[in-house]
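Here's a quick walk through a single-chain fold, from the overall layout down to a few residues that stand out. Have a look at the structure first, then read on.

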Amino acid sequence: MKISTLSLPLSLASLLVISPAVAATVTVDVRNIETKGEMHLAIYDDADVFENDNGEKGGAAKGIIQGVIEDVGVGNATYTFDLPNGTYAIGIFVDTNYNNEMDRNFFGVPKEQYGFSNDAKGSFGPPSFKDASFTVSGDMKLEINL
């Protein structure tokens, strides 16, 4: 069967119209910021990357699909993201000395504020992806307390 060169672009265009990418607006309210600094907020779509990220280096990385790095003051901050339907987890830390990593004391305990989606807690590292994850299937609001 021969496909004309005219019908191929029309067929591809109709597929794009029929199956648009589904995206939802996710609003993230970060509460209780105690000191000014640089907010590092990452949205993960990969459980292994999330569970093995200890804040050694801020910024983009495989397994992080969106994020924010910006100055924040004391109080609260709100961020809005457009995400496709799926399962994600959020990790946050406030870098008060702008060294692009979460500082820790001698015992490995974080010295800078941090938090996770679902206000999940971990022991000796980040919580499990399962505990911190949320499913996007439409517009939603999340609150994360530092």
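How many helices and strands does the protein have? There are three helices and eight strands, though keep in mind that this is a predicted model. Going along the sequence, the elements come in the order α-β-β-α-β-β-β-β-α-β-β. Contacts reach far along the chain: among those with a separation of 6 or more, 73% link residues 24 or more positions apart.

Now for burial. The protein has 146 residues, and 36% of them count as buried. The exposed surface comes to about 8,900 Å², with 55% of it supplied by carbon and sulfur atoms.

On to the inside. The largest nonpolar core holds 23 residues, and the members touching the most others are Val-28, Val-30, Met-39, Leu-41, Tyr-79 and Ile-90. At least two residues of this core come from each of β1 (23-33), β2 (37-44), β3 (64-72), β4 (75-84), β5, β7 (134-136) and β8 (140-145). With five residues, β1 gives the most. A separate core of nine residues sits apart from this one, and its members include Ala-42, Tyr-44, Ala-89 and Ala-132. As background, nonpolar side chains in soluble globular proteins tend to be buried together.

Ile-90 is a handy place to start exploring. Skipping neighbours within four places in sequence, Ile-90 is in contact with residues including Val-28, Leu-41, Phe-50, Phe-116, Phe-134, Leu-142 and Ile-144.

Not everything nonpolar is tucked away, though. Phe-106, Phe-107 and Val-109 make up a nonpolar surface patch, together showing about 430 Å² of accessible area. Phe-107 is in the loop between β5 (86-95) and β6 (114-116). Why does Phe-107 count as exposed? Its relative accessible area is 72%, and the cut-off for exposed is over 50%.

Finally, backbone angles. Most residues other than glycine have a negative phi, but here are two with positive values:

| Residue | Phi | Location | Relative accessible area |
|---|---|---|---|
| Asn-32 | near 70° | strand β1 | 40% |
| Asp-119 | near 50° | loop between β6 and α3 (129-132) | 27% |

Are these two buried, partly exposed or exposed? Asn-32 counts as partly exposed, and Asp-119 is partly exposed too.

Key: Residues numbered from 1 in each chain as written. Predicted model: local features only at pLDDT ≥ 70, side-chain atom pairs only at ≥ 80, totals over all residues. Heavy atoms only, no water. Patch = residues over 30% accessible without salt bridge, like charges linked within 9 Å, V, L, I, M, F, W, Y side chains within 5 Å. Areas by Shrake-Rupley, 256 points an atom, 1.4 Å probe, with all protein chains shown as cover. Salt bridge = Lys/Arg side-chain N within 4 Å of Asp/Glu carboxyl O. Helix = DSSP H or I, 4+ residues; strand = E, 2+ residues; numbered from the N terminus. Buried < 20%, exposed > 50% of the residue type's maximum accessible area, 1.4 Å probe, protein only. Core = buried A, V, L, I, M, F, W, Y, C linked by side-chain atoms within 4.5 Å. Contact = heavy atoms within 4.5 Å.
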